[in-house]
Amino acid sequence: MTTNPKITGTAGSLDTSDVGVSSQRMALALLMVLAGAALLFTVGFAQGSGELFHNAAHDTRHAFTFPCH
Amino acid sequence: MISKAITTVILAGFVAGILVTGAQMLRVTPLILQAEKYEVSAEAVPHTHQHSGITHAHELNGVAPEVHSVVTAAHGSETAAHAHDQNIAHSHAAENWAPADGVERTFYTAVSNIVTGIAFSLMLVAVYLLRGKPVSMNSGLLWGAAGFLVFSGSPALGLPPELPGMTAAALESRQAWWIGTVIATAIGIGLFTESKTILPKIAAALLLAAPHLIGAPHPLLFESNVPAELSAQFAIASLLTSAFFWMVLGASTGYLYKKLVLESSGVFLKTSSLNPQ
């Protein structure tokens with residue numbers, strides 16, 4: 001308790017708003033998964049006009065075992 | 001707090017992306033460059049099959065048209081699949097931009113690796129947030145191992161790492177199987193680690209096995225000019241390099257998440273478990 005009074009204090013005061021905090025955490029996690037999937041699609045799957053994305057990320061696709069050609 | 005989670009994501013993704021670029025230069029990239037020499041004909045070659053009488057055009061990966069035209073039984077029976085294949089067969093046409101070999105190509109690969117690192121880092125930190133439990137460098141390493149199984153190990157069991165010039169089934173069908181496998185494996189691992197009773201764990205095991213029981217799409221004929229030795233070396237080299245990437249990513253997300261998100265914030269996460277009484 002005495003090692004880090006600041007953190008303990010904040011956590012204690014939060015007991016009533018736990019639901020709000022955890023739903024904020026869930027929302028952030030969900031957004032991160034969506035953003036990650038979008039980035040992954042661009043790097044690993046999209047061809048782009050004139051195969052722009054394919055050619056730029058070509059070696060990464062092969063190295064990370066994305067289906068490439 | 002959100003900004004600290006995002007800092008964790010970007011730092012870890014950047015570090016893993018840079019390090020894996022270096023690691024790829026040891027074995028993976030030289031093997032890709034070597035295989036490209038065998039990628040002779042990237043142009044669609046129109047030809048007629050002797051037995052079926054089908055005329056069409058597609059990449060032959062350097063296989064002589066006469067040799068290819070003789071093999072008809074499999075071709076004739078799967079015309080639909082083949083016609084599909086034909087549509088997506090792409091050629092590296094001269095007008096398409098591609099980074100020049102050397103520094104430029106390495107630069108774009110490094111950028112792609114960093115973007116990949118950030119994408120996977122987002123997934124790992126999302127898992128930490130969803131679980132809401134303490135994470136350290138060591139447990140991060142284990143989550144990195146799970147990430148490797150989800151995104152590299154399980155998909156590679158059905159679709160081995162490909163070198164340029166290797167034959168494979170239609171791109172869309174492989175991408176669909178890849179995505180399905182990743183989702184099934186991710187849910188399977190999550191269900192297994194987060195459930196406390198035996199039945200969900202059995203369901204998780206079935207989910208993990210399902211993509212492989214269904215089976216990955218494979219070509220009817222393997223026509224490849226790439227020597228088998230190169231393909232074998234590439235499979236090992238790329239998988240182990242990916243494993244290295246996931247170890248770095250897992251350990252660094254775990255470390256940074258603990259330092260930045262958990263230890264500096266009592267607001268966002270309950271910190272009671274970090275404070276031994």
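**Figure 1. Overview of chain A, which has four helices and zero strands.** In this predicted model, the elements of chain A follow one another from the N terminus in the order α-α-α-α. Chain A has 69 residues, of which 46% count as buried. Among the contacts in chain A with a separation of 6 or more, 3% are accounted for by residues that stand 24 or more positions apart.

**Figure 2. Close-up of A:Glu51, in the loop between helix H2 and helix H3 of chain A.** The loop that holds A:Glu51 joins helix H2, residues 18-44, to helix H3, residues 52-56. The phi of A:Glu51 is near 55°, which is a positive value in a residue other than glycine. As background for this view, most residues other than glycine have a negative phi. A:Glu51 has a relative accessibility of 13%, and because buried means under 20%, this residue counts as buried.

**Figure 3. Close-up of A:Thr65, in the segment after helix H4 of chain A.** Helix H4 covers residues 58-63, and A:Thr65 lies in the segment that comes after this helix. The phi of A:Thr65 is near 55°, a positive value in a residue that is not glycine. With a relative accessibility of 4%, A:Thr65 counts as buried.

**Figure 4. Close-up of A:His58, a residue of helix H4 in chain A.** A:His58 has a relative accessible area of 5% and is therefore buried. The side chain of A:His58 makes a polar contact with the side chain of A:Asp59, at 2.8 Å. When its neighbours within four places in sequence are left aside, A:His58 is in contact with A:Cys68 and A:His69 of chain A, and also with B:Ile32, B:Glu36, B:Arg105 and B:Pro164 of chain B.

**Figure 5. Close-up of the packing of helix H8 against helix H9 in chain B.** Helix H8 of chain B, residues 171-194, and helix H9 of chain B, residues 198-214, pack at an angle of about 165°, and their axes are 8 Å apart. Because angles over 145 degrees count as roughly antiparallel, H8(B) and H9(B) are roughly antiparallel to each other. H8(B) passes H9(B) in a left-handed crossing. The residues that make the contact include B:Trp177, B:Ala184, B:Ile187, B:Leu191 and B:Phe192 of H8(B), together with B:Pro200, B:Ala203, B:Leu207, B:Leu208 and B:Pro211 of H9(B). Sorted by class, the contact of H8(B) with H9(B) has twelve nonpolar, four polar and one charged residues.

Methods
Residues numbered from 1 in each chain as written. Chains lettered and ligands numbered in written order. Predicted model: local features only at pLDDT ≥ 70, side-chain atom pairs only at ≥ 80, totals over all residues. Heavy atoms only, no water. Helix = DSSP H or I, 4+ residues; strand = E, 2+ residues; numbered from the N terminus. Buried < 20%, exposed > 50% of the residue type's maximum accessible area, 1.4 Å probe, protein only. Axes fitted to C-alpha atoms, helices over the stretch in contact; angles between N-to-C directions. Parallel < 35°, antiparallel > 145°, perpendicular 65-115°, else oblique. Left-handed = near helix turned anticlockwise from the far one by under 90°. Contact = heavy atoms within 4.5 Å. Nonpolar A, V, L, I, M, F, W, Y, C, P; charged D, E, K, R; others polar. Polar contact = N/O pair within 3.5 Å; in protein donor to acceptor, adjacent residues only side chain to side chain.
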